[in-house]
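Here's a walk through the model you have open, starting with its metal sites and then moving outwards. Keep the viewer handy and follow along.

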Amino acid sequence: MENTLKITKVESYIISLMDKLPILSYYAKSRGWSFLITWGHRLAGLTLAGYIFAHIYTLSLLFSPAGFDADMRFLHNFVFTFLEWCVAIPLIFHSLNGGRLILYELFHVRAEEIVIRFMIVLGFIYIFIVGFFFIREAQQISATLFWSITVATSLITFFIVLFKVWLTGNSILWKLQRITGSFMFPMLIGHMLFMHMTYLTGHESKTILMRLQSPFIKGIDLVFIVFLLFHAGYGIFSIFADYLKPGPLLKSFAFLIIIVMAISAFFGIRIVVAL
Amino acid sequence: MSGVYNITLEISRYDPDTRLSWVQTYQVEAGGILRFVDVLRKINDEQDSTLAWSSSCEHAQCGSCGIIVNGKPLLACELLVKDAVEQFDTHRFRLRPLTIAPVLRDLAVDLEKAYDRVHEAKPYLINPAPLPKEGDEYRISQETLDTYIEATQCINCFCCATACISSHHHFIGPNATMANIVRLMDPRETAKEERMDILYREDGVYRCHTSRACSFVCPKDIDVSHFLALGKEGKF
Amino acid sequence: MGEKLSIDSTLKCDVLVIGAGGAGLRAAAQISELRPGTKIIALTKVVSPQKSHTTTAQGGMAAVDPKDPEDRPIFHMFDTWKGSDCSADQNVIKKVCETGWEQVVWLERHGMHFSRTEEGRIAKRPFGGHMLNFGEKKSFRACYEATRTGKGIMDTVWDESLKYGVDFIGQCIATELLFEGDRCIGAIIFRYPEGKFLAILAKATIMATGGKTRMYQVSTNCRGNTGDGLVLALNAGLPLMDLEAVQFHPTGIIGPGILASEALRGEGAILRNKDEEPFMERYAPSAKDLAPRDLISRSIITEIREGRGIFNEAHNAHHVWLDLRHLPKEVHEKKIQEIESFFRRFAGVDPEKELCPVTPTAHYQMGGIPTNEFGEVQRDNQTIVPGLFACGEAAAASLHGLNRLGTNSLLELITMGKVTGQSVVDYLEDAKGPEKIPSDAGNIVFNQFSTYLNSQGKEQFSQVRDTLRNLMMEKAGIFRSEKPLTEAIETLKELKQRAMHIKIGLTSLQTNQDLWQIWELNNLITVSMVIAQGALARKESRGAHFREDYPERRNEFNYHTLVWMPEFDKVTLGKRPIDISIFESKGERYELFDYIERKY
Ligand SMILES: Cc1cc2nc3c(=O)[nH]c(=O)nc-3n(C[C@H](O)[C@H](O)[C@H](O)COP(=O)(O)OP(=O)(O)OC[C@H]3O[C@@H](n4cnc5c(N)ncnc54)[C@H](O)[C@@H]3O)c2cc1C
Ligand code: HEM
Ligand code: HEM
Ligand code: SF4
Ligand code: F3S
Ligand code: FES
């Protein structure tokens, strides 16, 4: 496979750095970079899935706002803020790469190298911006405007993919994986960004609870959590299905995944509905 | 043109009689333009006649000689020593059998079993469209042919299947999936539905995660992942 | 090795195809089509029929398209007759040339991906020796699939057999034929992964084991082309025909022997010796590098013999250079890019800047198991062997006589494969199934294998193999004459003895590469003996057979050579007349089908 794209100096420098990591260069030479990216996608997906459980747990603390605030204060230190910022890495990587995969598989975008380059650049910018907000803390932006734009974009990507994928002969679950992904693409990127425009939006019970009174926000969050749990659940199942032959074992795992996701959905929905 | 290379081969061995596996190291002095099959033959001739490996055409055209060299599945009959030294930037090579089927002995793998997957994909025309006129050929424009001819070059060497992120347990494999897709694209095939059913089986195209290792390793330079993506896109 | 060798189990079927290559599977497909439900077992040495040697053929398959306003089957017949140096059988020529197109359509119909013309029809290209109007100008007759015609054909017949439910048994070697009286009833096979012997009982058996030129140092043939099928026939007391006719291709890439097509010379590539002298100017002042294949091969060997070749240490062989450096960039990039890439890949040279190492390479054997025009194997001129059929390169019907035209071989596989399938179906009509295996079944191979496994000898496998290859190349290769051939026969006897005493590394039966390679080596020695004997007896030069001591064709040799050798070196020679039925029919231009001169 010949790389038709000219590699820039910066890129070749980065590649030469990565070449120094034995595992990376071993697989890059023997299976190609796409192979490593796919592993990255898988690990990022699993990390995010792990994160969502923790996330639902912390959000459920909102049922006693004082406790939530106490915990948040406790977590508001350098280490945890840094870790929180780190979540942006798997998030943006998985999102952009998921977008790339959807483009590749369904929209005939085969100029891979160019897309990957975009992905890397956009990813860096995003991580940088999130970090910047972390430090600046107080932004002035209209929440309604922000969320209207984000949701509108989400709906657009959602419908584009929906129309494209619906007519194919793929299984419904597989289609939903792409459709939910496409909805979450602007949604999740926006979510993380928004939660850090001011620290309080994402970490102070009063602000959060107030926001959650809006039926509009409630609606979005409901769709969001359901889509996400489905997406993560099917994603995890699909990893299992790669390693296990169809049979009782795989069935039990599928069942287990459904249970876990259903319980998470219950708690997640309860937060949005009841608060 | 050639020059002599001193290379070290660490080869996975397996003895079906005792069921023991081990790694054996061979030191070989080889001309740069020897291919890996020549090197293995040299080992047979000069050091160890018991080392088993497979090949047939030795023209890179039959796909019998696939092995894994330093992690990369490739055809042993087209890898020149000097190119290997350059490509992997080392004089040490770790040779392993393909992981796609049970090992028979050393580097020889029971590809006959792996072939079952290709058979499942029905590489033939299930139900060819009627001819325009008896004794006349079916017309296919060069344009149509160009959309899938690349994929017909596949020699079923199973290098792609070995490299794939997901094939080892429950995936019909990139090459078998592609064999089906070729016939979906073939204007002479009328049994599209039956083919779609094969394509969208749980062990079919869903098991592909577009890791594109298939395209990367394919010795015939087929962009396998492109064809698999066509399968997902579902447009034929 | 304590255990006694024995037959593990017996399988029964209607038809046993020994050799699931292009020819064998075309026959199988034909049988399945005509007689659905026939139980067919097809054997191959490799893991899947798809890996058979047919898959490496590149150029094309000749067939006259009835829609072509210029070309006619009779021109093709003439070319084939002339190309064979008047030694092919005209009844077979007629049959094959007339049904060629029908078979191309069959292949297309069953899924082959032929290259196409602008109107979407099957495209055709010219090929050496194929002409219009009895040799007037070149014809476009070779149907092709890019540079993978053989692969296209192999895939198609494999696909069809798969579709019809033919049972493939891969990774096995057929080791002996079984007989009930004089009727063939199947074979013993050895499955090497498990190391087990199986008896397969069949109402009819087809031999299609393919090419057999691995006894030459450089050969385009695959690793398994060791003439097993021929030895099976010999051991059963059957004759072989025209084995002395071995076609060499002048420009094989040193080492692997891969063909560097004459297209390169067509574009202006020049052969050069050690001193970079364009030596073809001396041998063929007008045609130079475009002289016929056999003449170029002989010239190259003469250069090497007279010390003007180059020695390659890595492959331990001599060669000359093919010079492509002076060709325009455009030719490199557009016209010959694919063929050139072989040099890059297999010899590590850059043809745009460096000289390419080439040497004549053994390519095709015209002779084989004699059959009539229906694919029925002959015991002698008069009688056929009931239940035994043969087609493909293993058989000699004979379409090619002592010299084959390019692209005629693939044509033969498919047309004669079909004919053979048809004959088998007719035979099956009132054939009864064999009931039990003969009591001595397997004895031949058990003896062979125990000898190899228990050998206390010190002979090195590689030394015997290399001695054989050099011997055949030098003394029974491109140039032949009385003395070297007699010497070769003596050495072959010695080698046969040495081969019995090869030190074996592994005594297991499971995937024991040592074991079957020694068996194959023995087969090669046996076939080599027949080649040498046939070559010694044919005191003339004709087609691919060139005797330095008798450089002319001679009419008293207007026949096919038959050789029986039921035991090594117990040789009986015989003759089979050449069929000249087209000539005798006194039809259109029949005089051209007389023993005419072969001049281009
Ligand atoms: C490089 C190359 C290029 C060529 N190009 C052309 C071309 O352009 N046009 C053309 O017309 N011809 C061409 N030829 C010639 C042509 O390809 C062959 O003659 C033809 O493929 C032979 O086919 P087959 O079916 O007889 O045998 P094969 O395809 O060789 O099949 C033989 C089968 O028998 C099996 N077998 C052998 N021994 C045993 C055994 N003991 N037990 C069980 N199974 C066994 C083998 O495994 C194999 O499956 C070319 C040949 C070569 C080498
Ligand atoms: C933001 C937008 C997202 C997009 C566009 C997206 C897209 C995708 C796509 C296309 C796949 C399929 C990969 C394949 O199997 O071929 C996938 C897999 C997966 N996703 Fe997402 N995803 C997104 C967000 C998430 C989130 C938030 C999570 C976790 C909570 C997640 C978890 C997973 C998992 C676990 C997999 C399976 C990975 C694998 O099979 O290797 N994804 N995603
Ligand atoms: C690390 C920074 C993040 C912060 C501070 C944060 C904060 C919040 C807050 C405050 C809410 C409450 C609802 C709302 O205000 O809309 C929420 C909801 C949600 N978040 Fe996050 N989030 C972060 C990252 C993520 C990530 C990475 C994911 C995906 C894996 C995610 C998925 C969700 C979901 C699905 C909901 C809806 C919850 C429900 O309906 O129960 N968040 N988040
Ligand atoms: S697609 Fe390529 S790598 Fe895969 S089996 Fe075919 S030829 Fe081999
Ligand atoms: S390597 Fe495997 S994951 Fe898909 S793109 Fe190729 S089949
Ligand atoms: S031996 Fe046929 S591809 Fe290598």
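Let's start at the iron atom of ligand 3, where 6 donor atoms subtend angles of 86 to 179°, which makes the arrangement octahedral. Opposite donors have to be over 155 degrees apart for that label, and all other angles have to fall between 65 and 115. Bear in mind that this is a predicted model.

Which protein atoms hold that iron atom of ligand 3? They are NE2 of H55(A) and NE2 of H191(A), lying 2.0 to 2.1 Å from the metal. H55(A) sits in helix α3 (residues 33–60) of chain A and H191(A) in helix α9 (residues 172–195) of chain A, so the pair ties together parts that are 136 residues apart in sequence.

Now hop over to ligand 2. Its iron atom is coordinated by H94(A) through NE2 and by H231(A), again through NE2, at 1.9 to 2.1 Å. Here, too, there are 6 donor atoms; they subtend angles of 84 to 179°, which makes this arrangement octahedral. H94(A) belongs to helix α6 (residues 88–106) of chain A, while H231(A) belongs to helix α12 (residues 215–243) of chain A, so this pair ties together parts that are 137 residues apart in sequence.

Are these histidines buried or partly exposed? The table puts them side by side.

| Histidine | Iron atom of | Relative accessible area | Class |
|---|---|---|---|
| H55(A) | ligand 3 | 22% | partly exposed |
| H191(A) | ligand 3 | 17% | buried |
| H94(A) | ligand 2 | 16% | buried |
| H231(A) | ligand 2 | 15% | buried |

The cut-off for buried is under 20% relative accessible area. H55(A), at 22%, therefore counts as partly exposed.

While you're in chain A, have a look at V130(A). You'll find V130(A) in helix α7 (residues 112–136) of chain A. With a relative accessibility of 1%, V130(A) counts as buried. What does V130(A) contact once its neighbours within four places in sequence are left aside? The answer is W85(A), A88(A), M192(A) and L193(A). V130(A) and M197(A) are also worth picking out: they are 67 residues apart in sequence, and their C-alpha atoms are 8.3 Å apart in space.

Next up is chain B, which has its own ligand surroundings to show. Ligand 5 is surrounded by 13 residues, and the closest are C164(B), C208(B), H209(B), R212(B) and C214(B). By class, that shell around ligand 5 holds 8 nonpolar, 4 polar and 1 charged residues. Two helices of chain B, α9 (213–217) and α10 (224–233), each supply at least two residues of the shell.

Zooming out, chain B has 10 helices and 7 strands. Its C-alpha trace spans about 60 × 40 × 35 Å along the principal axes. Of the 236 residues in chain B, 68% count as buried. Take the contacts in chain B with a separation of 6 or more: 64% of them are between residues 24 or more positions apart. Chain B exposes about 7700 Å², with carbon and sulfur atoms supplying 47% of that area.

How do the chains meet? There are 2 pairs of chains in contact, and of these, chains B and C share the most contacts. Chain A and chain C, on the other hand, are joined by no contact, and their closest C-alpha atoms lie 15 Å apart.

That leaves a few backbone oddities in chain C. Most residues other than glycine have a negative phi, and most peptide bonds are trans. Where in chain C does N133(C) lie? N133(C) is in the loop between β5 (131–132) and β6 (137–138), and it has a positive phi of about 50° although it is not a glycine. At 33% relative accessibility, N133(C) is partly exposed.

A146(C) is another one to click on. A146(C) has a positive phi of about 45° without being a glycine, and its place is the loop between β7 (142–143) and α4 (149–163) of chain C. A146(C) is partly exposed, at a relative accessible area of 27%.

Finally, check the peptide bond from A397(C) to S398(C): this bond is cis, with omega near 5°. S398(C) falls in the loop between β21 (395–396) and α11 (408–428) of chain C.

Note on methods
Residues numbered from 1 in each chain as written. Chains lettered and ligands numbered in written order. Predicted model: local features only at pLDDT ≥ 70, side-chain atom pairs only at ≥ 80, totals over all residues. Heavy atoms only, no water. Near = heavy atom within 4 Å. Helix = DSSP H or I, 4+ residues; strand = E, 2+ residues; numbered from the N terminus. Nonpolar A, V, L, I, M, F, W, Y, C, P; charged D, E, K, R; others polar. Donors = N, O, S within 2.8 Å, 3.2 Å for Na, K, Ca; no water. Tetrahedral: all angles 85-135°; square planar, octahedral: opposite > 155°, others 65-115°. Buried < 20%, exposed > 50% of the residue type's maximum accessible area, 1.4 Å probe, protein only. Contact = heavy atoms within 4.5 Å. Areas by Shrake-Rupley, 256 points an atom, 1.4 Å probe, with all protein chains shown as cover.
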